[in-house]
Amino acid sequence: MAATPRFRKNAVDADAVAASTGEGEPDRKHPVDETLPPLRMFTSGLQHVAAMYAGVVAPPMIVGPAVGLSAKETAFLMGASLFTAGIATLLQTLGFWRIGARLPFVNGVSFAGVTPMIAIGKDRGHDGIAVIFGAIIVAGLLGFLLAPYFCKLVRFFPPVVTGTVITLIGVSLLPVAFNWSQGGNATADDYGSMTNITMAAVTLVIVLALRKLLRGFLQQIAILLGLVIGTLIAIPAGITDFGALGDADVVGFPTPFHFGAPQFEIAAIVSMCIVMLVCMTESTADMLALGKIVGRPADERTIEGGLRADALGSAVSPLFNGFMCSAFAQNIGLVAMTKVRSRFVVAAGGGILVLLGLVPVAASVIALVPLPVLGGAGIVLFGSVAASGVQTLATAALEKGENALIVAAAVGVGLIPIAAPGFYHAFPEDLLVVLDSGISTGCVVAIVLNLAFNHWGRTPDAEADTEAVDSEVPKDPMAVPVAH
């Protein structure tokens with residue numbers, strides 16, 4: 001399928017790209033398709049893994065305890081998430097048929113699904129996980145079928161919508177970080193103790209200091225270094241549990257359907273289908289930004305292939321006990337910073353993720369991190385997601401039309417489950433799966449209001465003006481985020 005002006009409007013001039021990359025020379029590959037020497041390929045791929053590692057293991061660390069899994073089962077879930085993130089990344093970078101963007105595009109567990117998954121599986125143990133997996137499978141298959149059409153509907157998902165949703169993702173997850181900072185278990189005697197909160201504060205300061213003082217690769221892994229240092233400090237404080245490490249196998253495989261066969265509940269499926277639409281929106285924005293960075297502007301076919309890889313990776317993940325997958329924005333920033341544009345470097349990172357997923361003891365090491373330490377780092381981790389949403393909203397032309405009103409209403413509705421947890425207590429239980437997720441409700445409100453104010457009933461000239469605003473891609477590639 002040929003590229004349309006819709007996706008080429010903000011692209012770099014083709015001749016300029018060819019001149020700067022050597023694309024015009026018949027014997028030279030585009031930098032995206034170049035392979036590097038093995039050692040550089042490995043170290044550059046490892047850097048991508050370091051930049052995304054904390055984001056991959058955080059969702060299972062949140063969801064596992066919330067649904068009632070033990071520390072060992074949560075560690076297994078983290079290993080499975082690493083494994084499936086590797087598979088999804090390989091689908092994106094290497095691809096086959098019309099699946100995969102074939103760009104240096106990193107995929108991992110999406111933060112967008114965390115809150116809905118907690119609502120679906122809270123305190124239900126293995127049954128809760130089985131229902132979550134069933135909903136993800138259906139949502140992934142739906143996304144795969146919608147990909148050829150969704151890539152044409154991107155004008156209905158401008159920065160005013162994506163920025164609102166990403167902001168809500170970060171804000172919705174901050175209470176999780178606050179709970180961790182107090183100890184994670186509200187029934188425990190030391191919940192909210194001075195020791196726990198001090199440990200969280202110390203970790204937060206360490207992470208901020210590392211981000212300020214370090215440079216290059218070490219700065220990219222500041223959160224991981226902060227977790228390591230915080231955990232070492234927590235050992236003499238007596239809040240580090242080594243039980244999960246002792247029970248873990250050195251080598252293992254994510255047994256298919258380890259928690260039982262997937263179960264299918266309508267309300268859960270609806271909730272995760274909304275999350276899939278959110279993920280597809282974010283991935284589209286990321287592909288547009290990444291294509292510009294690497295000098296290969298993303299056309300409709302590229303976006304269609306990328307969305308198919310997202311959806312297929314998500315549909316396959318539950319088979320190996322993984323969650324929904326989507327793009328990781330910090331890795332797009334890493335491509336822009338390092339100027340290493342080869343998709344095979346990111347594919348090497350995907351291979352490393354697969355290997356880490358096959359070594360359960362590696363995932364168990366992460367489980368050593370005390371919750372207060374994780375809470376301190378989580379404030380930065382989740383807060384950065386919200387900040388990314390604000391960056392996107394800065395490009396949303398809030399001074400035009402009713403865009404500010406769209407954001408106000410969507411954020412207001414999305415904050416209801418956070419600010420007033422019992423607000424929907426009189427509603428049917430099946431509806432609560434969607435209503436108790438501020439991300440899902442906020443996303444629906446933002447999409448509907450954007451259509452109502454910016455598309456329905458507009459004159460052709462006004463519609464064209466709206467599309468021109470909607471199609472703008474931020475000049476700063478770091479400002480186009482994804483929830484991770």
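# Reading a predicted chain

Trainee: Which residues does Arg308 touch, not counting residues up to four places away in sequence?

Mentor: Arg308 touches Trp97, Arg98, Ile99, Phe144, Ala147 and Pro148. Keep in mind that the model is predicted.

Trainee: Where is Arg308 found?

Mentor: Helix α13, which covers residues 300–316, contains Arg308.

Trainee: Why does Arg308 count as buried?

Mentor: Set the value against the cut-off. Buried means under 20% relative accessible area. Arg308 has 10% relative accessibility, so Arg308 counts as buried.

Trainee: How much of the chain counts as buried?

Mentor: Of its 484 residues, 56% count as buried. The chain has 22 helices and two strands.

Trainee: What share of the contacts between residues at least 6 apart in sequence joins residues at least 24 apart?

Mentor: The share is 83%.

Trainee: Now the helix pairs. What makes α3 and α4 oblique to each other?

Mentor: Two packed helices are described by the angle between their axes and the distance between the axes. For α3 (residues 38–67) and α4 (residues 71–93), the axes come within 9 Å and cross at roughly 140°. An angle over 145 degrees would count as roughly antiparallel, and 65 to 115 as roughly perpendicular. The value for this pair falls in neither range, so α3 and α4 are oblique. Their crossing is right-handed.

Trainee: Which residues of α3 and α4 make the contact?

Mentor: From α3 come Tyr53, Val56, Val57, Pro60, Met61, Gly64 and Pro65, and from α4 come Thr74, Leu77, Met78, Ser81, Leu82 and Ala85. These residues divide into ten nonpolar, three polar and no charged.

Trainee: Why are α10 and α17 called roughly antiparallel?

Mentor: The axes of α10 (residues 222–237) and α17 (residues 371–393) come within 9 Å and cross at roughly 160°. Angles over 145 degrees count as roughly antiparallel. The angle of this pair passes that cut-off, and α10 and α17 are therefore roughly antiparallel. This crossing is right-handed.

Trainee: Which residues make that contact of α10 and α17?

Mentor: On the α10 side they are Ile223, Leu227, Gly230, Thr231 and Ala234, and on the α17 side Val373, Leu374, Ala377, Val380 and Leu381. The division is eight nonpolar, two polar and no charged.

Trainee: Which residues have the most contacts inside the largest nonpolar core?

Mentor: They are Val63, Phe111, Ile132, Met272, Phe323 and Phe382, in a core of 99 residues. Take Phe323 as an example. Leaving aside its neighbours within four places in sequence, Phe323 is in contact with ten residues, named here: Pro60, Val63, Leu77, Ser81, Val109, Met117, Ile132, Phe133, Ile136 and Ser317.

Trainee: Ser317 is on that list. What makes Ser317 count as buried?

Mentor: The cut-off for buried is under 20%. Ser317 is at 1% relative accessibility, so Ser317 counts as buried. Ser317 is found in the loop between α13 and β2. Apart from residues up to four places away in sequence, Ser317 touches Thr84, Gly322, Phe323 and Cys325. Ser317 and Ile136 are 181 residues apart in sequence, with 8.5 Å between their C-alpha atoms.

Trainee: What is the phi of Asn321?

Mentor: Asn321 has a positive phi of about 70°, although Asn321 is not a glycine. Most residues other than glycine have a negative phi. Asp123 is not a glycine either, and has a positive phi of about 60°.

Trainee: Asn321 and Asp123: which is buried and which is exposed?

Mentor: Asn321, in the loop between α13 and β2 (325–327), has a relative accessible area of 0%, so Asn321 is buried. Asp123 is in the loop between α5 (114–121) and α6 (125–150). Exposed means over 50%. Asp123 has 62%, so Asp123 is exposed.

Trainee: Why is Leu415 called partly exposed?

Mentor: Partly exposed lies between the cut-offs of 20% and 50%. Leu415 has a relative accessible area of 29%, so Leu415 is partly exposed. Leu415 sits in the loop between α18 (403–414) and α19 (416–419). With residues up to four places away in sequence not counted, Leu415 touches Leu168, Val171 and Ala420. Leu415 and Asp436 are 21 residues apart in sequence and 9.9 Å apart in space, C-alpha to C-alpha.

Key. Residues numbered from 1 in each chain as written. Predicted model: local features only at pLDDT ≥ 70, side-chain atom pairs only at ≥ 80, totals over all residues. Heavy atoms only, no water. Axes fitted to C-alpha atoms, helices over the stretch in contact; angles between N-to-C directions. Helix = DSSP H or I, 4+ residues; strand = E, 2+ residues; numbered from the N terminus. Parallel < 35°, antiparallel > 145°, perpendicular 65-115°, else oblique. Left-handed = near helix turned anticlockwise from the far one by under 90°. Contact = heavy atoms within 4.5 Å. Nonpolar A, V, L, I, M, F, W, Y, C, P; charged D, E, K, R; others polar. Core = buried A, V, L, I, M, F, W, Y, C linked by side-chain atoms within 4.5 Å. Buried < 20%, exposed > 50% of the residue type's maximum accessible area, 1.4 Å probe, protein only.
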